[in-house]
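Visitor: I am new to this structure and would like to be taken through it slowly. Could we begin by looking at the sequence and the model together?

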Amino acid sequence: ATENDPFCNAVPSFPPRRSGLYPESLSHDSALCESLRSMPDAKDLLDPFTRVVEKGGRLSAAPLIEVYGETMKAVARELRAAAAAQGRGEEALSAYLLAAAGGFETGDWPAADEAWSRMNGRNSRWYLRIAPDETQFDPCQEKAGFHVSFARIDPASLAWQDKLTPLRQEMEDSLSSLIGPAYPARKVSFSLPDFIEIVLNSGDSRHGLGAVIGQSLPNWGKVAEEGRRRTVVMTNLYEDPDSKKTAREKAAWMLDAASLAYYPQDKEPGLVSTILHEAAHNLGPHGDYRVEGRTPSDIFGGRVEGVLEELKAQTAALWYLDFLLKKGLLTQDQVRRAYAHDIVWCLGHIANGMTTDTGSPKPYSQLSAVQIGTFLRSGALRWSAGEDGVERLRVDFDRLPAAVEGLMREVGRIKASGDAEAAKALLSDFVTGEGSRLVRMKDVQDRLRRFPKEAYSYTVLY
């Protein structure tokens, strides 16, 4: 609730929020983003590994290594020391540490991505990612933020990898068939998610409230283009007793009694959904997919593309539940529990609001509005009054798969064909238009914002 309060500020003079990657003299809002996109050298100015600088009244792009060179070289020295400290059995981690050091020294990241893609839960006990990657922090959602995620591999992931790895190409082919001629299937070879237990999140991986529970990286370059991203699911977040109690209480405010009966007590349904979400970032039209030579960011702009890609991944996560049911890897009860989990997950993000205080879209919140609004419009969800007179959502589990498939087909077509107008129409309908009234956003926010949000503190126990 304090997000848009100008007096909720770390500095006594209450300055507006500014990004270090754009000139401070400019307004850091959607107008800046559109202005940069319209310039002849827009590709350079919006390159994820650059800072926009102003010289003599003209904007230009400066590589991050030029801007933060001394700090980056200091990081490289620490990484080389860490590599030297590794013992036998951690050769893959040591190789990545050295390659990452090279990236911080030169600003050239492909070699680090290659070494990182060769790490997995079978050749190292540890997960580490240290690089500029995600763009959610950026006003234009174009620039990569530096972060560190360090975790311990959870061996439980190996069982799901063994189940899903043989199905990767079939998952890609089935999605291509659903989307239609606009998207011919590719040959895919990405790694299925590792489960990891977070030890440390830092930089842009450390959120003030809450935490990311899944990632698929890198976002650019040869490793991404060839479908060799590494995907992870964080298994030790939101599993503390307080978080689980609060989650159940939130669900009880939003789902009617019949639907609430399927809300899971254990973490498996959420893990399965996150696995499918992260895998789906590597399936269908993805970040490096081209339409007539243009990238999704070129076509849609970083802000809209950020929402579209997450909407694709989360809708695919729902769509693939029925796929796994037909394969005999999930039961009907497991699928319904995953549906209930994901609907409550969406409502939680809707409660967070649709945009930041600078007007940037919140991708998870906006995809959630599209999904919940679509399911309400189709009749797969409906508001229903209980004995206490409070209207809650009733899930029609029999109608939901068809509603999911319809949305998956449309989102896939939009991304595959580069239909920017359809993308804007879809989002505006459910974020601010007629569809948003079906969602009853204020109602959702009034109910769920009364609950506290988690702020994580990490401790290593020896």
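What follows is a set of questions and answers about cores, cavities, a pocket and some single residues.

Visitor: What kind of model is this, and how are the residues numbered?
Guide: This is a predicted model, in which local features need pLDDT of at least 70 and side-chain atom pairs count only at pLDDT 80 or more, while totals for chains, interfaces and linings use all residues. Side-chain values use heavy atoms, with hydrogens and water left out, and residues are numbered along each chain, as its sequence is written, from 1.

Visitor: Which element gives the most residues to the largest nonpolar core?
Guide: A nonpolar core is a set of buried Ala, Val, Leu, Ile, Met, Phe, Trp, Tyr and Cys residues joined through side-chain atoms within 4.5 Å, where buried means under 20% relative accessible area, exposed over 50% and partly exposed in between, with a 1.4 Å probe and protein chains only. The largest such core has 84 residues, and those with the most contacts inside it are Tyr-320, Leu-321, Leu-347 and Ile-372. Helices (H or I, at least four residues) and strands (E, at least two) are DSSP runs numbered from the N terminus. The element that gives the most to this core, with 13 residues, is α14.

Visitor: How many residues are in the other core that lies apart from it?
Guide: In soluble globular proteins, nonpolar side chains tend to be buried together. Here another core lies apart from the largest one, with Cys-33, Phe-104, Cys-140 and Leu-217 among its members, and its residues number 41.

Visitor: Which residues does Leu-321 touch?
Guide: Leu-321 is one of the residues with the most contacts inside the largest core, and it is also one of the residues that line the largest cavity. Contact means heavy atoms within 4.5 Å. Not counting residues up to four places away in sequence, Leu-321 touches Val-272, Leu-276, Leu-330, Val-335, Ala-338 and Tyr-339.

Visitor: Which element gives the largest share of the lining of the largest cavity?
Guide: On a 1 Å grid over the protein atoms alone, a cavity is a set of points where a 1.4 Å probe fits but cannot get out, a pocket is an open set with protein on both sides within 12 Å along at least five of seven lines, and lining residues have an atom within 4 Å of a point. The structure holds three cavities of 30 Å³ or more, and about 50 Å³ of space lies in the largest, a volume being the space filled by probe spheres set on grid points that are joined across faces, edges and corners. This cavity is lined by Glu-268, Pro-269, Val-272, Leu-321, Leu-330, Gln-334 and Ala-338. The largest share, three residues, comes from α12.

Visitor: Which element gives the most to the lining of the second largest cavity?
Guide: The second largest cavity holds about 40 Å³ of space, and its lining is made up of Leu-318, Tyr-339, Asp-342, Ile-343, Cys-346, Gln-371, Phe-375 and Leu-400. Two elements, α15 and α16 (363-378), give two or more residues to this lining. With four residues, the element that gives the most is α15.

Visitor: Which residues lie closest to the centre of the second largest pocket?
Guide: This pocket has a volume of about 470 Å³. Of the 23 residues that line the second largest pocket, the closest to its centre are Arg-303, Val-304, Pro-361, Gln-366 and Leu-427.

Visitor: With which side chain does the side chain of Arg-186 make a polar contact?
Guide: Arg-186 sits in the loop between α8 (168-179) and β5 (194-203), and a polar atom of its side chain lies 2.9 Å from the backbone oxygen of Asn-282. A polar contact is a pair of N or O atoms within 3.5 Å; within protein, one must be able to donate a hydrogen and the other to accept it, and residues adjacent in sequence count only if both atoms are side-chain atoms. At 2.8 Å, the side-chain partner is Tyr-183.

Visitor: Is Gln-141 buried or exposed?
Guide: Gln-141 lies in the loop between β3 (126-132) and β4 (146-154), and although it is not a glycine it has a positive phi of about 55 degrees. Because its relative accessibility is 6%, Gln-141 counts as buried.

Visitor: What is omega at the cis peptide bond that joins Leu-217 and Pro-218?
Guide: Pro-218 is placed in the loop between β6 (214-217) and α9 (222-225). For the cis bond that joins Leu-217 to Pro-218, omega is about 0 degrees.
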